[in-house]
Amino acid sequence: EVKDLWAQRYVGNTNNMSPHTHGNHGYSAVLYVEFNPEVHQSTHFLAPFKNFSNGEDLIHKPEVEEGDILIFPSSVIHYSNPSHSKEQRTIFSWNMK
């Protein structure tokens, strides 16, 4: 069951999303509607533990293309960096229970 649905458009050095989760139950999804991998970055995911060797955050930056959908547990911490491109980056996201 889709519980929430929203769209976000990123242009220029604005519109980042700080690290957050979507709760402890269900799944979340990101659909990359307008996305150029040459100038845009995908959603970044933080592991729930640090690198055992150096204590740094473990960050996964999946390679995505326009039209790709990422589905992940809602409890996973994720974020997006500001876009430094004048080219639009548009996503649709939703939560599922």
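These notes cover the sheet, a surface patch and a histidine in a loop of this predicted model.

1. **Sheet order.** Four strands make up an open sheet. Their order is S1-S8-S3-S6, and the pairing is antiparallel. Strand S1 (2-10) and strand S6 (69-73) sit at the edges, each pairing on one side only. On average, neighbouring strands in this sheet are turned by 20° against each other, direction ignored.

2. **The S3-S6 pairing.** Strand S3 covers residues 27-34 and runs antiparallel to S6. Five bridges join the two strands. To check the register, start from serine 28: its bridge partner in S6 is phenylalanine 72.

3. **Nonpolar surface patch.** Which residues form the nonpolar patch on the surface? They are Val2, Leu5, Val33 and Phe92. Together they have about 350 Å² of accessible area.

4. **Phenylalanine 92.** This patch member lies in strand S8, residues 89-96. Its relative accessibility is 33%. Phenylalanine 92 therefore counts as partly exposed, since buried means under 20% and exposed means over 50%.

5. **Histidine 22.** Where is histidine 22 placed? It is in the loop between strand S2 (17-20) and S3. Its side chain makes a polar contact with the side chain of histidine 78, at 3.1 Å. A polar contact of 3.1 Å also joins the side chains of histidine 22 and asparagine 95. The histidine 22 side chain thus has polar contacts with histidine 78 and with asparagine 95.

Definitions and conventions:
Residues are numbered from 1 along each chain as its sequence is written. This is a predicted model: local features need pLDDT of at least 70, side-chain atom pairs count only at pLDDT 80 or more; totals for chains, interfaces and linings use all residues. Side-chain values use heavy atoms; hydrogens and water are left out. Two strands pair if DSSP finds at least two bridges between them. Axes are lines fitted to C-alpha atoms, for helices over the stretch in contact, and angles run from 0 to 180 degrees between N-to-C directions. Patches are made of residues with over 30% relative accessible area and no salt bridge: like charges are joined within 9 Å, nonpolar side chains (Val, Leu, Ile, Met, Phe, Trp, Tyr) within 5 Å. Accessible areas come from the Shrake-Rupley method with a 1.4 Å probe; for residues, only the protein chains shown count as cover. A salt bridge is a side-chain nitrogen of Lys or Arg within 4 Å of a carboxyl oxygen of Asp or Glu. Buried means under 20% relative accessible area, exposed over 50%, partly exposed in between (1.4 Å probe, protein chains only). A polar contact is a pair of N or O atoms within 3.5 Å; within protein, one must be able to donate a hydrogen and the other to accept it, and residues adjacent in sequence count only if both atoms are side-chain atoms.
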